[in-house]
Amino acid sequence: MTEWESRPGRPAMAHLSRPVPPGHLAGWGAEHRSWLADGLARYGAVLVRGLDLPDAAALEQVARAVAGPPMAEREGFARRHPLGGAVLSSLDWPPDQPMCMHHEMSATRCYPRLLAVACFAAPEEGGVTGVADGQAVLAALPQDLRQRFAGSGWILDRCFHRLVGLPWEQAFGTADRAETERYAEANDIELTWDGDLLRTRQRRAAVVRHPATGAEVWFNQVAFLNEWSMDRNVREYLVMQFGPAGLPFNTRYGDGGAIGADEIDAINDTYERHTLREPWRKGDLMLIDNIRMAHSREPYRGRREIGLVFGDPVPSPDCPPAAGADLAAGSGAGRD
């Protein structure tokens, strides 16, 4: 099979000599499942070019063959659009604003290990889906920040406003308050109602052990969902409208302490130093180990259509926190 090509600053890639006809994609995925899995185990994310996936139906065929039945998104924070079957669009996000590094559904109790992503329309400029290795990011974070998050985890606070963000009915997949409350109780989410306004809080591990390798990885949405990663004008508008405690989402240290702008900058700067980039081409397939690798989306111009399938669900007990004494002490980890 084609060898993986790994170059500095770019994700591992394989170039196929000819496209696979749509009717043969499921068979291609099944036949090359081990090859793809080996690439993911080695690199964390791989890009297959030349497969020429034309649409959502083609992506779903490959995703099912590689990862089995897809899983649904829960606790979303921005709108996606169904593209057909189990394939969802990328998040509704202003094209001129970057989307910070994050791991999909890392605030939930069951998250996808595999993301199957395809490009159906490449933008004129920008729009890269960058990836960064959570093991390398963890080792490179400032030691005091790493220790505090390893010991305390992180907190996600949400306020489900009607006109901003995702309504709670969509985030939890039901318009039934009682069912939402049962879901929250089962998933360790504190929930309060203020009339029609729903507020939630959940505490999660910021560092976990990879279920296959046991390696400690930085796995969270601490920076992505923090107020200091927002566009300045957007943040000021939201604070003016709802107050500091009413932002649609925000993050804190797991001990309840506020995270400063300089600390969010340190996290995002560390991500930037470890980001791998390759501009999309129409028909590309990228597979991402969602636990090991964070991903982002860069600003772009022109039409961009990306499809996504969540696969291989991992319950959090199978991916335990890594807040032991060795990590809390910072042994074996680099320092800025």
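**Notebook: pockets, cavities and sheets**

I began with the largest pocket, which has 20 lining residues, with Trp93, Pro94, Gln97, Val234 and Phe249 nearest its centre. The model is a predicted one, in which local features need pLDDT of at least 70 and side-chain atom pairs count only at pLDDT 80 or more, while totals for chains, interfaces and linings use all residues. Residues are numbered from 1 along each chain as its sequence is written, and side-chain values use heavy atoms, with hydrogens and water left out.

**Entry 1. Largest pocket**

I noted the terms before going on. On a 1 Å grid over the protein atoms alone, a pocket is an open set of points with protein on both sides within 12 Å along at least five of seven lines, whereas a cavity is a set of points where a 1.4 Å probe fits but cannot get out; lining residues have an atom within 4 Å of a point. Grid points are joined across faces, edges and corners, and a volume is the space filled by probe spheres set on the points. For the largest pocket I recorded a volume of about 500 Å³. I then sorted its lining into 14 nonpolar, three polar and three charged residues. In this sorting, Ala, Val, Leu, Ile, Met, Phe, Trp, Tyr, Cys and Pro are nonpolar, Asp, Glu, Lys and Arg are charged, and the others, Gly among them, are polar.

**Entry 2. Largest cavity**

I next looked for enclosed space and found four cavities of 30 Å³ or more. The largest cavity holds about 180 Å³. Its lining has 16 residues, and those nearest the centre are Ser90, Glu104, Thr129, His295 and Leu308. I divided this lining into seven nonpolar, five polar and four charged residues.

I also asked which strands supply at least two residues each of the lining of the largest cavity. They are strand 5 (99-102), strand 6 (110-121), strand 17 (293-297) and strand 19 (305-315). Strand 17 gives the most, with three residues. Helices (H or I, at least four residues) and strands (E, at least two) are DSSP runs, numbered from the N terminus.

**Entry 3. Strand 6 and its partners**

I followed strand 6 further. It is largely enclosed by the rest of the structure, because 10 of its 12 residues are buried. Buried means under 20% relative accessible area, exposed over 50%, and partly exposed in between (1.4 Å probe, protein chains only). Strand 6 runs antiparallel to strand 19, and 10 bridges join the two; Leu114 has Gly311 of strand 19 as its bridge partner. Strand 6 is also antiparallel to strand 16 (residues 285-289), with five bridges between them. There, Val117 is partnered by Met286. Two strands count as paired if DSSP finds at least two bridges between them.

**Entry 4. Second largest cavity**

The second largest cavity has a volume of about 140 Å³. Of its 17 lining residues, I found Glu75, Phe77, Ala107, Arg158 and Gln221 closest to the centre. The lining consists of seven nonpolar, five polar and five charged residues. Strand 9 and strand 11 each supply at least two of them, and strand 9 has the largest share, with three residues.

**Entry 5. The sheet with strands 9 and 11**

I traced the sheet that holds these two strands. Four strands form an open, antiparallel sheet in the order 10-11-9-14. At its edges are strand 10 (190-194) and strand 14 (249-253), each of which pairs on one side only. From one strand to the next, the twist averages 15°. Axes are lines fitted to C-alpha atoms, for helices over the stretch in contact, and angles run from 0 to 180 degrees between N-to-C directions.

Strand 9 (residues 154-160) and strand 11 (residues 197-204) are antiparallel and joined by seven bridges. Within this pair, Phe160 stands opposite Leu198 of strand 11. Helix 5 (residues 143-152) packs on the sheet and touches strand 9, strand 11 and strand 14; its direction makes about 100° with that of strand 14. Helix 7 (residues 177-186) also packs on the sheet, touching strand 10 and strand 11, with a direction at about 150° to that of strand 10. Contact here means heavy atoms within 4.5 Å.

**Entry 6. Two residues with positive phi**

Finally, I checked the backbone at two loop positions. Glu75, although not a glycine, has a positive phi of about 60°. Glu75 lies in the loop between helix 3 (56-67) and strand 3 (82-84) and is buried, at 9% relative accessible area. Met105, also not a glycine, has a positive phi of about 60°. Met105 lies in the loop between strand 5 and strand 6 and is buried, with a relative accessible area of 6%.
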